[in-house]
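Colleague: Could you take a close look at a single part of this model for me? Please walk me through one helix pairing and then what lies around it.

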Amino acid sequence: MKPAQGPIAESAAAPEDSATLRTQLIETARAMNAAGINVNKSGNVSARCRRGAALGLLVTPTGLPYAQLQPDDLVFQRLADGRCSGRRAPSSEWRFHRDIYVARPEFGAIVHTHSAQATALACHGRGLPPFHYMVAAAGGADVRCAPYATFGTQALSDHALAALADRRACLLAHHGVIACGATLGAALALAVEIEHLAGMYLAALRLGEPPWLPADEMARVVQQFCTYGQPPAA
């Protein structure tokens with residue numbers, strides 16, 4: 001396995017690999033299908049974690065139905081050298097999971113889906129423009145679409161990293177969606193939001209390309225999202 005490039009950003013907040021985390025990851029994987037943003041065995045889910053001093057990730061295994069997953073089926077992979085631990089082979093998309101965690105220390109979880117409406121846009125090489133203010137939920141004025149590359153390849157990982165620059169989500173041409181967050185819940189919620197926005201955008205396109213919000217307004221919304229929600233409990 002080719003190691004991810006660049007220094008590995010240590011994350012003090014990375015939880016220890018545990019039965020609780022493994023259960024949460026499986027629940028997230030099953031929730032993708034229940035929410036209608038994924039079908040069958042497509043897509044994958046991961047969470048940043050550590051085993052003692054070894055920083056790594058837990059990722060769903062390749063080719064197993066989510067309904068059948070058990071905690072021991074999840075694969076622990078070290079960020080430093082890509083070494084895997086467990087009885088299963090990791091997701092075929094382990095490269096972009098590992099590379100994203102190396103490059104983006106703020107992310108604690110990644111959800112990859114083949115959701116229908118977002119993927120329909122991606123099949124035309126289109127992302128989400130600033131047609132609606134909620135596009136800023138992904139961290140910027142738009143959601144980019146990464147160029148196509150064969151699944152599981154380093155080229156796909158490289159394209160995804162570029163499309164995710166200053167963003168929390170991107171589309172993958174002729175493929176699907178990557179959504180990232182601090183937690184599994186945040187990553188899943190963003191994946192659901194991207195699919196919802198894609199549906200709205202496709203509906204708006206029936207009347208022609210909708211007007212786009214100006215860059216300064218999208219910048220204001222991005223800043224608003226930085227403080228949106230309830231303050232942390234004292």
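**The helix pair and its surroundings**

Modeller: Leu156 is found in helix H4. A caution before going further: this is a predicted model. Leu156 is buried, with a relative accessible area of 1%. Setting aside residues up to four places away in sequence, Leu156 touches Glu93, Phe96, Ala149, Thr150, Phe151, Leu172 and His175. One of these, Phe96, belongs to the H2 side of the contact between H2 and H4. A point of reference farther off is Glu209: 53 residues separate Leu156 from Glu209 in sequence, and their C-alpha atoms are 29 Å apart.

Now the pair itself. Two packed helices are described by the angle between their axes and the distance between the axes. Here helix H2 covers residues 94-103 and helix H4 covers residues 154-163. They pack at an angle of about 40 degrees. Their axes are 9 Å apart. H2 and H4 are therefore oblique to each other. Their crossing is right-handed.

Which residues make the contact? H2 supplies Arg95, Phe96, Asp99, Ile100 and Ala103. H4 answers with Gln154, Leu156, Ser157 and Leu161. By character, the residues of this contact divide into 5 nonpolar, 2 polar and 2 charged. The spacing on each helix can be read with a simple rule in mind. An α-helix has 3.6 residues a turn, so residues three or four places apart point the same way.

H2 is mostly covered, with 8 of its 10 residues buried. The buried ones are Trp94, Phe96, His97, Arg98, Asp99, Ile100, Tyr101 and Val102. Phe96, Asp99 and Ile100 are thus named twice, as buried residues of H2 and as parts of its contact with H4.

Follow the chain out of H4. Asp166 is found in the loop between H4 and strand S7 (169-172). Asp166 is exposed, with a relative accessible area of 62%. Its phi is positive, about 60 degrees, although Asp166 is not a glycine. Most residues other than glycine have a negative phi, and most peptide bonds are trans. A second case is Asn40, in the loop between helix H1 (19-34) and strand S1 (44-51). Asn40 is not a glycine either, yet has a positive phi of about 50 degrees. Asn40 is exposed, with a relative accessible area of 62%.

Next, a glycine. Gly127 lies in the loop between helix H3 (116-122) and strand S6 (145-146). Gly127 is buried, with a relative accessible area of 18%. Beyond its neighbours within four places in sequence, Gly127 is in contact with Leu121, Val143, Arg144, Cys145, Leu171 and Tyr201. The C-alpha atoms of Gly127 and Cys170 are separated by 7.6 Å, with their positions 43 residues apart along the chain.

Last, the cysteines. How many disulfides are there? The count comes to 0 disulfides, with a pair of sulfur atoms required to be within 2.5 Å. Take Cys49: its closest cysteine sulfur is in Cys84, 12 Å away, too far for a bond. Cys49 is buried, with a relative accessible area of 0%. Cys226 is in no disulfide either, and the nearest cysteine sulfur, that of Cys180, is 17 Å away. Cys226 is exposed, with a relative accessible area of 58%.

Notes:
Residues are numbered from 1 along each chain as its sequence is written. This is a predicted model: local features need pLDDT of at least 70, side-chain atom pairs count only at pLDDT 80 or more; totals for chains, interfaces and linings use all residues. Side-chain values use heavy atoms; hydrogens and water are left out. Axes are lines fitted to C-alpha atoms, for helices over the stretch in contact, and angles run from 0 to 180 degrees between N-to-C directions. Helices (H or I, at least four residues) and strands (E, at least two) are DSSP runs, numbered from the N terminus. Angles under 35 degrees count as roughly parallel, over 145 as roughly antiparallel, 65 to 115 as roughly perpendicular and the rest as oblique. A crossing is left-handed if the near helix is turned anticlockwise from the far one by less than a right angle, and right-handed if clockwise. Contact means heavy atoms within 4.5 Å. Ala, Val, Leu, Ile, Met, Phe, Trp, Tyr, Cys and Pro count as nonpolar, Asp, Glu, Lys and Arg as charged, and the others, Gly among them, as polar. Buried means under 20% relative accessible area, exposed over 50%, partly exposed in between (1.4 Å probe, protein chains only).
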